[in-house]
Amino acid sequence: MTGVEPRPARTRAPSPGRVRAALAAVLALAAALVVAPAVARTSSARAADEAVVDVRIVSIAPQVLEPGEDLRVTVEVTNTTSAPVEDARAVLWLNRFRMGSRDEVAAWADRGLDEPAGQSEISVDLTEPLLPDAARTVTLTLPADQVHLTNLPGLWGARGMAVEVAARGERLGLERTYILWNPTDDQPPRVPVSVVLPFVGPANAPVAAPAPDDLPGKDPSDAPTATEGAAEPTSAAAAAARAADDDLDALTAPGGRLRAMLEAATVDEDVTVVVDPSLLPLAESGSASSQRFAQRLRAAIASHDSYGLPWADPDVAAVQHAGQGALLQVAADRTQAELESSEHLLLWAADAGTPDDVTLAAVSGAGAAAILAPPAPTAGASGSSSEVAPDRSSAASGVSSDDASDSVRTFEAGVGPVTTVVPDAVLSRLVVGGTATGDGTSGSTPASIAQRVLAELAVVSHEEPSPAGVVVATDRLTAPDSAVLGAVTSALRAAPWTRTATLSEVLAEPRDARADRAPASTTDRDELDPAAVTALADAREAARSFSEVLDDPDAFLAGIDDQVLAPLAVAWRAAPRERAELVEQTVEQVLARTTGLSIVETSDLNVIATTSDLRLTVRNELAVPVRARLVVDPRKACLTVGGFATPVLEPGDTSVTVPLEAHANCDVLVEVQLVGPAGQDVAEPIAFSARVSPTIESVGTVVVGILLALGLALGIARTVRRGQSARRGARTVSESTGPVTLPVLGGTPADDESLAEGTGPDDAPAGADDDARAGEASDEGAAR
């Protein structure tokens, strides 16, 4: 095997000056020229990358080496074969070329067993044979005077290092790691690094809504027919609730994800916790282990920088693509009410990569501090086997603004600039899986992972401009090992180019105001269908509208938000069939609550008068009074409705009298609604036809008037035809002062002498006979 072939040093000037950079390059080149050839040779009895001895880094002290310090590397070597390994020795290798990019850091880790490892520095013999499956701890100490790294400002950073186990000139095992160098009096810029851990529960749904006759306001003795098909106890919601309880017990038990996540959160005070608040009541109502977990989680929320996810961790992309941002606001309001100690709301996207424009708009809509987007797969650990570059200055690091490692970025969405947190993909996978590629290679230990993290961040710290912050975050379903995270946070505190920080501190760091354009709208196949999201939103709105006619709407709406938000949880993406069933049953159950009020159907109506009354009946099957309003709407102007008031609808039937006014003959459709304060329907509307004929009443009035006039005229005519009586005429004459004398009807006229004497034949008074005759004449006329 050949030694390391140095590549030409780049001549771009470092920040201290061109002279210092040239000197550093010369020294690095000289160090490369004296690299001795490697002694390992490939055995024909095994594959090139098949290790006989497993080598693991136990500790590296100090993690960041400074001039004048000895380097101590402790490893554990294990014989993985069934035969003993004799005459073995451990060898420490160094590659003194400073790594100037993250690709070079990754390439060093990805090199194979028999690829170059640098220059052999020291070795320690294993005095006794290494028996099968036996493990042994070996410490290798490199004296300070053999380090031979350049002590010049600006040359701080990572170099390659490896520990080999060899026997009889054959390499049997190798573990690659990094030596971190910090020259005297050098003060690198410190990059804030924040670790964010999510706490979300299993796919869950609240217990199925109670039957309608058990809801607040329902009359148990008179449940509406429309709700007879209410969900049975074996509904999807009930099954999900039972499964969630079982899963939560496992998740909070020793070895469970939530238990491990909580243990990891306690390793450092700067770890930020992000909690779905619906997890807390679920755990507090569960088993003893779940209850203890809930108590410890509440304590962690109070003692750490904490953020709340919207209630039930809804799929932000699905809600936004359906245009139902109001549902996300409902979840955000629930979170603020539950987590009183948490002043921050954080959205957490379900899909890797930058969210699209529509999804980013949810940040401002919900009032969140930012949206965290899981990192997309990177090519940083590509498995390249190229040589590592020599020392380079920060100016020659080759990092463009597009390749910057800043985790907090600004994207221009339709609503304006949106803050987006993109965790570092490599560091996040290192903390979770032990390798940057996530392949679970067995050689990683807390010490080697911490050393790799510091090597990556040494390159990041060289970037121009310096990143405002780097975020490390696990995914929803994977908890980091607390030992690994503890080693990483300790290393972050010890390194001169990093510092631990909370997410709030990282978000508050000043940064370039330039915003990138958000990606165009895209939909992931695992999202809940927009029609399903809309159905949930409509069902909730129907229940909310119905509650406005009740005196205690809060009691009526209890539990509905939990029901509606549950199918939106990101966790349901893993079970699309069960999610679809849950959505269907949730919509049915929520709409079932909105029954109980109805308008009794009425037959078609004939209106033959200008004004008349319509009597309608409203049926209240609730156990409480309802304050609603009847609206009667004729669809033509020939019939109008007068003013009327709808009384309080007590349980049972209530009759309402509606005044009608007819203006012309027509056939008109009349619609009747029962509405709430905002005009929303709270019962199924009805309609009936009305035949309006107000002219019938007018014609009858004219006919009756004519008949009355004719009767009056006939009466007058008959009176005239009968004439006057003789007595009434005689009185007229006798009272007259004229000389005219009227003769007695039917009698003999008196002579002048008799009249003068005033006597008659029977010595009666002269006027008596006349009166008698007049009376007779009158009787005769009447008889005639």
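Is E338 buried, partly exposed or exposed? With a relative accessibility of 26%, E338 counts as partly exposed. This briefing describes a predicted model, beginning with the chain as a whole and then turning to its cores, one helix, one strand residue, its salt bridges and its surface. The protein chain has 784 residues, of which buried residues make up 47%.

**Overall architecture**

- The secondary structure of the protein chain comprises 21 helices and 26 strands.
- Among the contacts in the protein chain with a separation of 6 or more, 78% are between residues 24 or more positions apart.
- About 36,200 Å² of the protein chain is exposed, and carbon and sulfur atoms supply 52% of that area.

**Nonpolar cores**

- The largest nonpolar core contains 63 residues, and the members that touch the most others are L197, F199, L297 and L457.
- Helix α11 contributes the largest share of this core, namely 9 residues.
- Beyond residues up to four places away in sequence, F199 touches L258, M261, L262, A265, V273, V274, V275, D276, L279, F293 and L297.
- A second core, separate from the one above, has 38 residues, including L328, A332, A413 and V587.

**Helix α10 and its surroundings**

- Helix α10 spans residues 425-433, and its buried residues include A425, V426, L427, S428, L430 and V431.
- The buried residues of α10 pack against α2 (102-110), α11, β16 (470-473) and α12 (482-494).
- At the start of α10, a side-chain oxygen of D424 comes to within 3.2 Å of the backbone nitrogen of V426.

**Residue T498 in strand β17**

- T498 belongs to strand β17, which covers residues 498-500.
- T498 counts as buried because its relative accessibility is 0%, and the cut-off for a buried residue is under 20%.
- The side chain of T498 reaches the backbone oxygen of L492 at a distance of 2.8 Å.
- When neighbours within four places in sequence are left aside, T498 is in contact with R190, V191, L454, L457, A491 and L492.
- One of these contacts, L457, is also named among the residues that touch the most other members of the largest nonpolar core.

**Salt bridges**

- The count of salt bridges in the model comes to 28.
- One of them joins R298 and E338, whose closest N and O atoms are 3.0 Å apart.
- This pair links distant parts of the chain, with R298 in helix α6 (residues 288-303) and E338 in helix α8 (residues 325-338), 40 residues apart.
- R298 has a relative accessibility of 31% and therefore counts as partly exposed, and E338, at 26%, is likewise partly exposed.
- Another salt bridge brings together the side chains of R577 and E578, at 3.1 Å from N to O.
- R577 counts as exposed because its relative accessibility is 59%, whereas E578, with a relative accessible area of 31%, is partly exposed.
- Salt bridges with shared partners connect R102, D424, R452 and E456 into one network.
- Within this network, the side chains of R452 and E456 form a salt bridge with an N to O distance of 2.9 Å.
- R452 and E456 are separated by about one helical turn, because they lie 4 residues apart in helix α11 (residues 446-461).
- Both R452 and E456 are buried.
- D424, a member of the network, is also the residue whose side-chain oxygen approaches V426 at the start of α10.

**Surface features**

- A nonpolar patch on the surface is formed by I706, L707 and L710, which together have about 300 Å² of accessible area.
- Within this group, L707 is located in helix α18 (residues 695-722).
- L707 counts as exposed because its relative accessible area is 55%, and the cut-off for an exposed residue is over 50%.
- T610 is found in the loop between β20 (605-607) and β21 (611-620).
- With a relative accessible area of 35%, T610 is partly exposed.
- T610 and S693 stand 83 residues apart in sequence, while their C-alpha atoms are 8.3 Å apart in space.

Conventions: Residues are numbered from 1 along each chain as its sequence is written. This is a predicted model: local features need pLDDT of at least 70, side-chain atom pairs count only at pLDDT 80 or more; totals for chains, interfaces and linings use all residues. Side-chain values use heavy atoms; hydrogens and water are left out. Patches are made of residues with over 30% relative accessible area and no salt bridge: like charges are joined within 9 Å, nonpolar side chains (Val, Leu, Ile, Met, Phe, Trp, Tyr) within 5 Å. Accessible areas come from the Shrake-Rupley method with a 1.4 Å probe; for residues, only the protein chains shown count as cover. A salt bridge is a side-chain nitrogen of Lys or Arg within 4 Å of a carboxyl oxygen of Asp or Glu. Helices (H or I, at least four residues) and strands (E, at least two) are DSSP runs, numbered from the N terminus. Buried means under 20% relative accessible area, exposed over 50%, partly exposed in between (1.4 Å probe, protein chains only). A polar contact is a pair of N or O atoms within 3.5 Å; within protein, one must be able to donate a hydrogen and the other to accept it, and residues adjacent in sequence count only if both atoms are side-chain atoms. Contact means heavy atoms within 4.5 Å. A nonpolar core is a set of buried Ala, Val, Leu, Ile, Met, Phe, Trp, Tyr and Cys residues joined through side-chain atoms within 4.5 Å.
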